[in-house]
Structures are given as structure tokens and as C-alpha cells.
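Please look over the protein shown here, with attention to its nonpolar cores and its aromatic rings.

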Amino acid sequence: MRQLSLVVLSVVVGQGIATGCSGGGSVTAVDVPEDAAADTVEQELPPVTQDAAPEAGFELAAPEIEPVEVRPEETVEPGGAGYPCTLAGECNSGFCIYTPQGKQCTVACEEECPFGWTCSIHVPSLPDQVMVCVPRYLDLCRPCVANEECRMNGTDAGQACIPYGPGGAFCGEPCVDTPDCPQGYSCMDMEDVAGKAVTQCVRIEGECGCTQWDADSGATTGCYVENQAGKCAGERKCLAGGLSACSAKIPAAESCDGVDDDCDGDVDEGTAGGPCLVTNEHGSCPGVLSCSGGAAICEGDKAEAEQCDGLDNNCNGVVDEGFPDLNGNGKADCLESDADSDGVPNATDNCPNAYNPGQADNDMDGMGDTCDADDDNDMSPDTLDCGPFDPAIKPGLPEVCDGKDNSCNFQVDEGFKDTDFDGFADCIDEDDDGDGTVDAQDCAPLDAQVHPGAEETCDGKDNNCDFKLDEGFVDLDKDGLPDCVDVDDDGDGYGDANDNCPLTANPDRGRTWTRTDSATSATWMRTATVSRTPGTTARG
């Protein structure tokens with residue numbers, strides 16, 4: 001038999017073939033005679049490129065495997081072979097399997113199997129050698145990752161998962177010669193996904209699809225996209241609309257982006273070390289390209305404003321341009337003497353062309369404040385910066401509570417709380433409530449009525465910060481709450497607002513009412529003393 005090299009193969013399963021089982025078995029591998037190869041039809045599979053992979057949503061592939069029909073002489077008895085079932089207990093044999101017609105009972109193998117089924121070993125029964133009859137081709141062309149995914153009903157007839165190039169791997173069916181295979185399939189010598197040599201029925205041309213069972217059971221297969229840049233792996237899934245396209249990305253030349261563009265397992269390799277330019281407002285200096293965290297960075301010296309120091313500070317190829325050379329010897333005057341007469345030699349003067357004997361350098365950038373356009377190095381020129389020596393102050397900065405006009409809008413700490421409205425936000429005010437006591441010594445720094453030395457008033461507060469509340473005020477019922485804040489001064493269970501004797505405890509309180517006679521228009525008052533048990537209504 002001629003061994004063929006397949007490029008892409010996809011799954012097409014016959015009409016009505018279900019691909020799962022509860023309670024089925026496994027089929028023994030078919031023995032293939034060594035001389036069978038000589039009688040096999042030679043066939044080449046046409047190549048199928050990745051571009052031919054169908055998108056999700058196309059219709060299921062047309063079936064090419066005819067379902068087995070029950071012959072007239074083969075009757076179906078309740079619980080017998082071919083009888084519809086859901087559970088194994090509904091079958092006389094105790095085996096309920098998937099068939100092209102749905103789940104049906106099967107029987108143990110005898111002389112021959114009914115309906116053209118084949119005799120296979122029931123793997124779950126091992127080590128007992130239980131043989132049962134099962135239909136063939138249930139998983140032929142099903143997307144797969146491992147051989148075990150091609151063996152439904154718990155049976156193993158030697159079905160293998162065959163790789164077919166970029167499109168993925170799909171289930172085959174053991175065979176001896178092409179006539180053993182359904183129409184559209186050929187018997188070929190192949191290697192399964194484990195690298196083992198097998199002889200299987202494989203699809204001659206076109207790509208496999210998915211049955212509804214494949215979609216319901218989540219059948220998948222690996223796939224890949226390969227080009228001169230590399231090889232990227234992906235996955236294809238059986239969906240309601242058919243086999244999805246390969247999820248693999250297209251390999252690309254590696255770039256500094258934090259991604260393994262060529263899918264070789266390394267990220268951003270070979271993207272560093274080249275020449276580049278470090279550019280800023282002063283010019284461009286040569287550097288070396290590096291790649292860190294997916295970002296390309298040019299590392300090297302930065303261009304600076306040209307100074308009279310014998311160096312090409314701005315990297316334009318000219319030294320000390322713009323500085324006078326009165327003697328014409330090619331050396332700037334500033335390098336020959338103290339050009340600014342500040343007592344500092346030009347070679348060490350941080351402002352060689354400006355008088356600055358103190359050599360002040362607020363931002364320590366090597367350029368003296370006298371000639372530095374940005375003394376605090378906050379990227380805001382001194383001419384626009386309301387705090388030229390403070391990097392926490394410049395136009396556009398968000399305001400923070402620090403007593404500064406951070407945003408240069410002529411307002412200090414705007415938007416922050418100022419409890420005593422004294423113009424100083426609480427975050428910098430030592431006396432937030434303006435009561436004359438600094439917050440550190442004030443037991444209520446945000447309440448102007450509470451501070452050491454304040455007069456105690458009956459308001460439920462520790463006004464004088466002596467850790468006592470409302471001391472010196474009358475507490476009639478001795479409950480710890482002075483009468484001025486107690487809602488029941490006499491403690492008789494009736495609130496002062498509803499108590500006819502709010503300062504005398506009278507839980508059995510008297511009730512007074514008036515009555516007017518409609519005939520005489522006489523009015524009189526009657527007072528009755530009633531006793532009431534808590535929870536009852538008093539009657540007068």
C-alpha cells in the first residue's frame with residue numbers, strides 16, 4: 001500500500017451518525033495483513049491551504065456515509081439489538097450504544113452481528129473479554145486531539161487521530177484496503193498524532209465538517225499557520241454552524257512589542273543592538289537600540305545646548321559654534337580665559353558666558369541658574385513658571401494641599417476644605433476650627449465650641465476637653481444624661497413631650513380630659529386616675 005502525505009483534512013460524518021455513548025464498549029484493532037499494501041489503490045490528496053479553512057457559520061458538510069438500515073429478516077424485539085434505549089438497563093444485553101439512528105440496544109457477539117455491525121471488545125469490561133456488536137464509522141472525520149477521542153461507545157477498533165497539516169487532525173477508521181472504507185475515503189498508511197504507523201480510512205479530497213453531536217460535545221482539533229516568519233499554533237472548534245477557522249495568528253517578523261510575533265517561544269529576540277538617535281530639543285546624538293518590556297528605547301547621551309567647553313554638546317558635528325574666537329586660532333575665547341570675569345575658569349564654569357561667581361545650580365543639572373532656562377528642571381521655562389525654583393509648581397500641575405499655588409493660577413490650595421474659612425486649608429492650618437487652640441492640643445479640632453478652657457455648656461459635648469460631658473448640670477433621674485439633653489428627665493418611661501409630669505416619675509400617670517354638653521353648652525373637666533398594665537390600653 002502506498003503511504004501518502006496529507007496536507008489538510010477536515011471532518012465529514014455520515015447523516016444521522018451520533019458520536020457519543022453512555023454504556024458502550026471499545027473495539028479491538030483490525031489485523032492488517034502485511035501483503036495487503038500491494039492491492040491498495042494509490043491516491044494523492046490535493047493540497048488544501050490555510051486560506052481554504054471555512055469560517056464559522058457555514059452549513060454542515062453533506063453526509064457521505066449511509067446509515068445502516070434494518071433488513072426485513074432482522075426483527076427488533078424490545079430490549080434486543082436495534083431497540084431504542086436511553087439507559088443500559090433497558091437492554092437485554094445491558095449495553096445501550098450510539099448508532100446512526102440514535103441510541104439503541106446491542107448484543108454480545110455470536111456468529112455474526114446484526115445490521116452489518118462489527119464485533120468489538122468492550123473496554124470497560126476488561127480484564128473480562130466481553131465482545132459486543134457496534135456500528136462502524138461513528139467518528140470517521142471527527143476533529144480530534146488524541147486517539148481516544150475517536151473511540152466512541154467505549155469500543156476500540158484501532159481508530160486513530162490522524163494529523164493532516166495546518167487544518168488540524170481528524171479521526172480515521174482502521175482498514176485493510178480501500179473497499180473497506182466509505183465512499184469518498186481511501187485506505188492509507190499514515191502516522192497518528194502519537195507518531196505510530198497506522199492504516200486508516202482517510203478523506204480523499206475536500207475538508208471535513210462537524211455533526212451536531214460534534215458541536216454539542218465540544219470537539220476540537222489543533223491547527224497552525226506557517227510562513228517564512230514562523231509557525232503559530234491555534235485551535236478549531238465544532239460550533240453550531242460548523243468547524244471554525246483556525247484561531248492561530250499569522251507569524252510575523254519579531255518586533256519590539258512584548259509579543260512572540262514569530263511563535264518560537266521567545267519574545268522580542270533580535271530586536272536590540274542596532275544604531276539609533278537620541279533626540280531632544282537640542283539635537284540628535286547617536287545611541288544603541290534596546291528593547292525592554294515591549295518598548296524600543298534608544299540609549300545614549302542626550303544632546304545639550306551648546307556650551308563653550310570644547311565639546312560638541314548638541315551632537316551636530318561642530319564644537320563651540322556661536323562663541324567668539326577673536327584670535328582666529330580655532331579655539332573659542334571662553335576656553336582660554338575667564339570670559340565672564342566671575343573668577344571661575346571657563347572649563348569649570350557652569351555658566352561660562354554669564355557672570356555667576358556663586359555657581360548656583362538649583363536643579364543640579366550642571367547648568368548654573370544664571371544661564372539655565374529651567375532652574376527647577378520641571379520642563380516649564382522659568383519665564384512661564386510661577387515657581388521657577390520649585391519642581392512642585394508649574395502651569396498645568398494638579399493642585400495639592402501644600403500651601404503652594406501648584407498650578408500657577410494665582411490660587412493656593414483651592415478645592416480643599418477650610419473649616420474656619422480663614423484662607424488656610426485644613427491640611428496646612430494648625431488651628432482648623434479657629435478656636436485659638438492648635439489642633440495637636442484640641443480634643444475636637446474641627447469644632448470651635450470644644451477646646452481646652454472653654455466653658456462647659458449642656459449640649460452633650462466635652463466643651464472644655466476634660467473628658468467629661470456636661471458636668472455640673474442637673475440629672476434628675478441620675479441616668480448619666482443631664483436633663484438638658486435627656487428626652488425623659490424623670491426616667492418613668494414617658495418622654496418629656498408626652499409626660500404630664502415630666503419632672504416627677506409617674507408610670508401610672510393620670511389622664512385629664514374635657515367634655516361639652518351639646519344641649520346646655522356646659523363644659524366641665526374630669527380627672528381620672530387609671531392604672532395601666534404595660535402593653536394595655538387605659539380606659540377612663
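The largest nonpolar core, a set of buried Ala, Val, Leu, Ile, Met, Phe, Trp, Tyr and Cys residues joined through side-chain atoms within 4.5 Å, has 22 residues, and those touching the most other members are Ile162, Tyr164, Cys181, Tyr185, Met190, Cys201 and Cys238. Strand E8 (185–191) and strand E9 (197–203) are the elements that give two or more residues to this core, strands being DSSP runs of at least two residues numbered from the N terminus. E8 provides the largest share, 4 residues. The model is predicted, with local features needing pLDDT of at least 70 and side-chain atom pairs pLDDT 80 or more, whereas totals for chains, interfaces and linings use all residues. Residues are numbered from 1 along each chain as its sequence is written, and side-chain values use heavy atoms, leaving out hydrogens and water.

**Cores**
- Ile162 is in contact (heavy atoms within 4.5 Å) with residues including Cys144, Phe170, Met190 and Val198, when neighbours within four places in sequence are left aside.
- Apart from the largest core lies another, of 10 residues, with Phe95, Phe115, Cys133 and Val134 among them.

**Aromatic rings**
- Rings of Phe, Tyr and Trp (its six-membered ring) pair if their centres lie within 6.5 Å, with planes under 30 degrees apart counted as stacked, over 60 as edge-to-face and the rest as tilted; the count by this rule is 2 aromatic pairs.
- Phe115 and Trp117 form an edge-to-face pair, 5.0 Å centre to centre with 75 degrees between the planes, and both are buried (under 20% relative accessible area, 1.4 Å probe, protein chains only).
- Tyr164 and Phe170 form a tilted pair, 6.1 Å centre to centre with 35 degrees between the planes, and both of these residues are buried.

Key:
Buried means under 20% relative accessible area, exposed over 50%, partly exposed in between (1.4 Å probe, protein chains only).
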